Amino acid sequence: MFVLCLGAGVIVVATLVDVVYQLANNGSMAISKFGFGFLVHSTWRPNVNIEAAGNLIYGTLVTSFMAVLLATPLGIGIGLYLSMMAPRRVRSTVGPLVEMLAAVPSIIYGFWGLVVLVPFVDHLEPGLHSVLGFIPLFGTPSPTGISVFAAGIVLTVMILPIISALSRDLFLTVPQELKDGASALGATRWEVIRGVVLATTVSGVSAAVVLGLGRALGEAIAVSFVIGDSDHRHTSLFQPGASIAERIANQFPGPVNGLHTSAMFYAGLVLVVIAMLTSIAARAIAGRFDVQASLGGRAA
Amino acid sequence: MSTTAPITLGESGLFDPTAPLMPSGNLRRRAVVDRAVQVIATVAAVVAVAVLVIIVIGVAKHGAEALSLNFVIQNPQGLAGGGIVNALLGTLEIVLAGALVALPLGILTGLYLTEFAGPRSRSARVMKLALDMMAGLPTIIVGLFIYGLIVIPQHRESGFAGAIALSIIMLPLIARASQEVLLLVPGSLREAADALGVNRWRTVLTVILPAAMGGIVTGAILAIARAAGETAPLLICDGIYNPNTTSFNLFHGVSSVPMFIYTSYDLPLTQAVDRAWAAAFVLMVFILLANILARVFLGRSRAKMAR
């Protein structure tokens, strides 16, 4: 029994090592041809054997950070509402409903994003551009609404349940005596939240945010529907773009040649390194509190 | 901070202890901020629920066009007719095959972490980190990995490759859920078994696993529901199949619901897009029902454990 259990654990570790090996091995052609320049250059033209992932890395980071920026305050707000404000009845219905957002498959997010969200974003973007147009990020909108911005919004919805469920669980662990003590000193509810609840859970909440970031970085299908898989890098969020995962989903099934496939494995290697670093960071930040255990229990 | 504590004055200009206490100055500002935060938090919750409702209604509305009984019991006829029963059966087959691999591995890993590894075991720390990383692997990467591991050596995309890819997505979820519920099994049960002189493996099989079964089943249902909706790994590993027939041979291409949605959407036919929506609706209903089922199951097993 012991041997069996240990064996299962060893398989888990070995699989992970093999993931990196397979990506590096199959990407070796691209790795030896393009080297580290792959990470900074931005031309991706498989038909002339030039591939570089600069644009893709940029798009991956921009969409993910936008999602984190939007989902963090929303998610923490939901966590606070569910743990401290909502009546018991509301809590036991709204909580599971928000978690349901995590159960919706990414293909449905992609589909919904393309048909419902993109037209909506198309209406929203000109308004944002006229108000915030002086910031280069909010430049001229594309005519369709298919944009980095739309991808960021889809990712926001996808990581919102992770951040909100984890922060709610964290807020519920704050001892009632501490909150009561602050209230007794005359603190308003917001002051209790800021001084006691957020102060004691800040590391856990940060870890939850990093986990959300990890999820956003690797999303392929949903992003591929709304980002446009463009080869050009625009400063404006309202223009199409591309991300690593999305490019692989789009082009892997019909590669131009072996080098093209190999370059996608190389891009995958870059992505997996980013994802693994994110996992390690989440664990390091969380410290004692096992955020991912409570995430796994919910099975996203 | 100035302490101009407002002394409440009555109409006569003298201190009136019966006048209502109204916050003013600094206290009023604090009360306003407090109120604002509560409103923002409530609005955030409303927004999240609204988004879920919009998604569910949107999918249901678009899906209704092509949805019928025939849609779930017939094979496709051409690109725009018939049903998706082959995709439903294919998804069922791939996911169950994947679960067959992931369940034992996941439960055994959970058992190792809780029952066999000591609290300071270095191997357990490495495994936990590996599980975290595995859970954090982008699903498209899982697809690439299995492509390199299975598809390239076999020279063929197959349902088998897809199933193994899905098992890698399920494994950390199942391991985590098992680990968590195993930690909840009361230590007194283990001690009682030890006191009776029962072997360790026997204790695990006859005492600990039965006690934890409810939580493990919940974790398994959630993991299966998650895997059933995954598109990216199947796109890479099981993307070439005959879309019009039912095929159960795992070592050839097997059709699946997510791939049906993904490919139908690409066709320049309104009927095909309608059918993609209908399939999305079927998939979503299945996954949300599985989640609700798991939740009910969890509630019942929690209640049982509390007794």
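## A tour of the two chains

Residues 24 or more positions apart make up 77% of the contacts in chain A with a separation of 6 or more. Bear in mind while you click around that this is a predicted model. Its scores are ipTM 0.89 and pTM 0.89. For chain B, the mean pLDDT is 86, and 91% of the residues reach 70 or more.

**Stop 1: chain A as a whole**

Select chain A and switch to cartoon. You should count 13 helices and 0 strands, so the pattern along the sequence is simply α-α-α-α-α-α-α-α-α-α-α-α-α. Turn the C-alpha trace along its principal axes and it spans about 70 × 65 × 30 Å. Of the 300 residues in this chain, 54% count as buried.

**Stop 2: helix α7 of chain A**

Now select residues 148-172 of chain A, which is helix α7. This helix has 25 residues and runs 36 Å from its first C-alpha to its last, close to the 36 Å expected at 1.5 Å a residue. Put A:Ile159 in sticks: α7(A) bends by about 35° there, and a proline, A:Pro161, follows within four residues. How much of α7(A) is buried? Mostly covered is the verdict, with 24 of its 25 residues buried.

For contrast, jump to the helix with that number in the other chain, α7 of chain B (residues 187-195). This one is hardly covered: the count of buried residues among its 9 residues is 0. Step just past the end of α7(B) and you land on B:Gly197, whose phi is positive at about 75°.

**Stop 3: the nonpolar core**

Next, show the largest nonpolar core, a set of 191 residues. Those with the most contacts inside it are A:Val154, B:Ile146, B:Met170, B:Ile174, B:Ala279 and B:Ala280. The helix you visited a moment ago, α7 of chain A, gives the most to this core, with 17 residues. As background, nonpolar side chains tend to be buried together in soluble globular proteins.

Zoom in on B:Ala280. Leaving out residues up to four places away in sequence, B:Ala280 touches A:Ile108 and A:Phe111 from chain A, plus B:Val59, B:Gly63 and B:Ile261 from chain B.

**Stop 4: A:Phe111**

Follow that contact across to A:Phe111, which sits in helix α6 (residues 106-132) of chain A. Is A:Phe111 buried or exposed? It is buried, because 27 other C-beta atoms lie within 10 Å, and the cut-off for buried is 20 or more. Apart from its neighbours within four places in sequence, A:Phe111 is in contact with A:Phe225, B:Ile261, B:Tyr265 and B:Ala280. If you want a distance to draw, try A:Phe111 to A:Gly186: they are 75 residues apart in sequence and 50 Å apart in space, C-alpha to C-alpha.

**Stop 5: where the chains meet**

Colour by chain and select the contact between A and B. It takes 78 residues from chain B and 72 residues from chain A. On the side of chain B that touches chain A, helix α1 (residues 25-64) of chain B contributes the largest share, 20 residues. Recolour that side of chain B by residue type and you get 56 nonpolar, 14 polar and 8 charged residues.

**Stop 6: a loop residue in chain B**

Go to B:Leu250, in the loop between α9 (232-237) and α10 (257-266) of chain B. This leucine counts as partly exposed because it has 18 C-beta neighbours inside 10 Å. What does B:Leu250 touch, not counting residues up to four places away in sequence? The list is B:Glu93, B:Ala97, B:Ser158, B:Gly159, B:Phe160 and B:Ala163. Draw a C-alpha to C-alpha line from B:Leu250 to B:Ser158: the two are separated by 6.3 Å, although they are 92 residues apart along the chain.

**Stop 7: two positive phi angles**

Most residues other than glycine have a negative phi. With that in mind, pick A:Asn49, which is not a glycine yet has a positive phi of about 60°. You will find A:Asn49 in the loop between α3 (37-40) and α4 (54-85) of chain A. It counts as partly exposed because there are 14 C-beta neighbours inside 10 Å.

Finish at A:Asp229, where phi is positive at about 45°, again without a glycine. A:Asp229 lies in the loop between α10 (221-226) and α11 (244-251) of chain A. With 19 other C-beta atoms within 10 Å, A:Asp229 is partly exposed.

How values were computed:
Residues are numbered from 1 along each chain as its sequence is written. Chains are lettered from A and ligands numbered from 1 in the order in which they are written. This is a predicted model: local features need pLDDT of at least 70, side-chain atom pairs count only at pLDDT 80 or more; totals for chains, interfaces and linings use all residues. A nonpolar core is a set of buried Ala, Val, Leu, Ile, Met, Phe, Trp, Tyr and Cys residues joined through C-beta atoms within 7 Å. A residue is buried if 20 or more other C-beta atoms lie within 10 Å of its own, exposed if 12 or fewer, and partly exposed in between; C-beta atoms are placed from the backbone. Two residues are in contact if their C-beta atoms, placed from the backbone, lie within 7 Å. Ala, Val, Leu, Ile, Met, Phe, Trp, Tyr, Cys and Pro count as nonpolar, Asp, Glu, Lys and Arg as charged, and the others, Gly among them, as polar. The expected span of a helix is 1.5 Å times one less than its number of residues. The bend at a residue is the angle between axes fitted to the seven residues ending there and the seven starting there. pLDDT is the predictor's confidence in each residue, from 0 to 100.
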